[in-house]
Amino acid sequence: MNLIAVSSHQPVTAEDGCQDPVLLNDWHVVGYSTDFVAGTVYPVRLLERELIVWRSADGQVHVWEDLCIHRGARLSKGWISNDAVVCPYHGWNYDSSGACTLMPAAPDEPPMKKAKAFPYGAVERYGFVWTCLGQPETDIPVFPEWVDEAFMKVHSGPYVYAANGFRAVENFIDASHFPFVHAGLNGVMDKPDRLEPYTVEEVDTGLRSSEVRVFQPWGDARGMPLVAFYTYHTFRPLVGYFSKRTQDADAQGQVVNDHSDTFTTLFTVQPVDAVNCIVRICAAMNVSPRPDPALVSSRADVVYGQDRGIVESQRPQRIPADLRYELHHRTDLMGQRYRSWLRNKGIRYGVI
Ligand code: FES
Ligand SMILES: [Fe+2]
């Protein structure tokens with residue numbers, strides 16, 4: 001099977017870095033759409049592979065290997081001219097299809113057919129740029145609230161974790177750390193929530209939990225106490241999601257208004273390598289009145305900053321997908337099932 005088959009030819013550097021077909025054939029976020037403006041070449045790193053992202057004049061975003069086929073120079077050190085990427089070494093021009101259109105040392109000769117860049121799948125969705133280094137086996141996951149105008153959307157991050165991406169996802173689907181890591185915000189350290197039993201099932205869209213109930217003294221950007229019911233979901237190995245149904249509560253955690261609002265989060269992880277990742281999120285909420293987006297984002301900065309401190313401290317850095325390592329309590333069912341799910345998918349990179 002040719003795993004790097006988006007382009008008909010392979011860069012010689014394709015043997016470097018991650019060789020895990022499950023991850024190579026999946027979609028990964030490499031930035032926010034707003035990160036990439038036409039006229040500039042941007043370097044990004046994904047699964048130990050060096051890539052460039054650039055946007056052509058027609059608005060289309062492109063993700064290529066950061067490599068010129070001529071002598072292996074990095075295209076990220078080049079520039080854009082006439083809507084083409086110019087290699088910084090001998091000035092070869094590559095248009096948005098990846099074809100070389102000009103070799104300045106022989107301007108009257110048509111470039112050889114093999115003179116091409118190495119493009120990968122590139123799609124913009126939910127305000128993110130996604131790429132796939134191999135043959136995508138599934139579409140980009142559906143973020144259900146994205147098309148619902150009743151939901152206000154707020155992007156936050158990027159959060160750069162010196163940590164394993166799977167450890168970051170598992171932290172995102174873990175409710176029992178709230179009173180300790182997010183004391184005063186998502187939980188109360190002196191009065192940790194007792195987590196009732198919940199279930200986890202594998203569905204078409206990934207792994208999904210039943211509702212997990214917690215009390216949150218500062219449950220969202222409105223600064224109100226909430227009783228929250230989390231439904232956790234892992235759409236892909238490195239894409240998580242939760243939907244949080246909330247009820248207004250008093251400071252003691254008693255529900256005072258049982259109408260339900262919903263706050264959801266799409267959690268994306270760019271695996272830079274096995275022990276470094278970049279988290280980017282998009283929250284969607286139908287709460288009323290609508291909070292100031294800047295407050296939503298600054299609250300996310302606090303919460304994910306707290307998470308980062310813990311996740312970066314975890315050892316071993318690579319997540320143990322083998323359940324014989326570490327301990328699994330019934331309250332960790334979502335994380336436990338996530339690890340088994342990774343293992344059953346055959347993932348070998350970034351796990352032990
Ligand atoms: S290495 Fe790119 S033009 Fe020569
Ligand atoms: Fe957290």
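**Entry 1: the loop between β2 and β3**

I began with Glu48 and found its place in the loop between β2 (42-46) and β3 (49-55). The model I am reading is predicted. I looked up the backbone of Glu48 and noted a phi near 70°, which is a positive value in a residue other than glycine. Is Glu48 buried, partly exposed or exposed? Its relative accessibility is 30%, so I entered Glu48 as partly exposed, since the partly exposed class lies between under 20% for buried and over 50% for exposed.

I then looked at the two strands on either side of this loop. β2 and β3 form a hairpin with two residues between them. Leu47, in the turn, has a positive phi of about 55°. The pairing of β2 with β3 is antiparallel and runs over five bridges. As one pair I recorded Pro43, whose bridge partner in β3 is Ile52.

Next I followed the side chains along β2. In a regular strand the side chains alternate between the two faces of the sheet. In β2, I found Tyr42, Val44 and Leu46 pointing to one face, where they are buried. Pro43 and Arg45 point to the other face and are not buried.

**Entry 2: the sheet β5-β6-β7-β8**

I turned to an open sheet of four strands, in the order β5-β6-β7-β8, with antiparallel pairing. Strands of a sheet pair through backbone hydrogen bonds, either parallel or antiparallel. Which strands stand at the edges of this sheet? They are β5 (79-81) and β8 (100-102), and each of them pairs on one side only.

I checked the pairing of β8 in detail. Strand β7 (residues 93-94) pairs with β8 in the antiparallel sense, over two bridges. Asn93 stands opposite Leu102 in β8.

In the loop between β5 and β6 (84-86) I located Asp83. The phi of Asp83 is near 60°, again a positive value in a residue other than glycine. The relative accessible area of Asp83 is 31%, and I therefore recorded it as partly exposed.

**Entry 3: strand β15 and its partners**

How many of the 11 residues of strand β15 are buried? I counted this strand (residues 226-236) as mostly covered, with 10 of the 11 buried.

I then listed pairings of β15:

- Strand β13 (residues 206-209) pairs with β15 in the antiparallel sense over two bridges; the partner of Leu207 in β15 is Thr234.
- Strand β14 (residues 212-216) pairs with β15 in the antiparallel sense over five bridges; the partner of Val212 in β15 is Tyr230.
- Strand β16 (residues 239-249) pairs with β15 in the antiparallel sense over 10 bridges; Phe229 stands opposite Arg245 in β16.

I also noted that a hairpin of two residues joins β15 to β16.

**Entry 4: cis peptide bonds**

I looked up two peptide bonds that lead into proline. The bond from Gly157 to Pro158 is cis, with omega near 5°. Pro158 lies in strand β11 (residues 152-161). The bond from Ser288 to Pro289 is also cis, with omega near -5°. Pro289 has its place in the loop between β18 (276-285) and α4 (293-311).

**Entry 5: the chain as a whole**

Finally I turned to the protein chain in full. Its secondary structure comes to five helices and 18 strands. Why do I call the chain as compact as a globular protein of its length? The radius of gyration is 22 Å, which is close to the 20 Å given by the globule rule for 352 residues, so the description holds. I also entered the box that the C-alpha atoms fill, roughly 80 × 45 × 35 Å along the principal axes.

For burial, I noted that 54% of the 352 residues are buried. Among contacts with a separation of 6 or more, 60% come from residues 24 or more positions apart.

For the surface, I recorded an accessible area of about 15,600 Å². Carbon and sulfur atoms account for 52% of that surface. I closed with the charges: the chain has 33 positive and 42 negative ones, and their mean positions are 4 Å apart.

Definitions and conventions. Residues numbered from 1 in each chain as written. Chains lettered and ligands numbered in written order. Heavy atoms only, no water. Pairing = 2+ DSSP bridges. Rg over C-alpha atoms; globule rule 2.2 N^0.38 Å. Buried < 20%, exposed > 50% of the residue type's maximum accessible area, 1.4 Å probe, protein only. Contact = heavy atoms within 4.5 Å. Areas by Shrake-Rupley, 256 points an atom, 1.4 Å probe, with all protein chains shown as cover. Lys, Arg positive; Asp, Glu negative; His and termini not counted. Charge placed at Lys NZ, Arg CZ, Asp CG, Glu CD.
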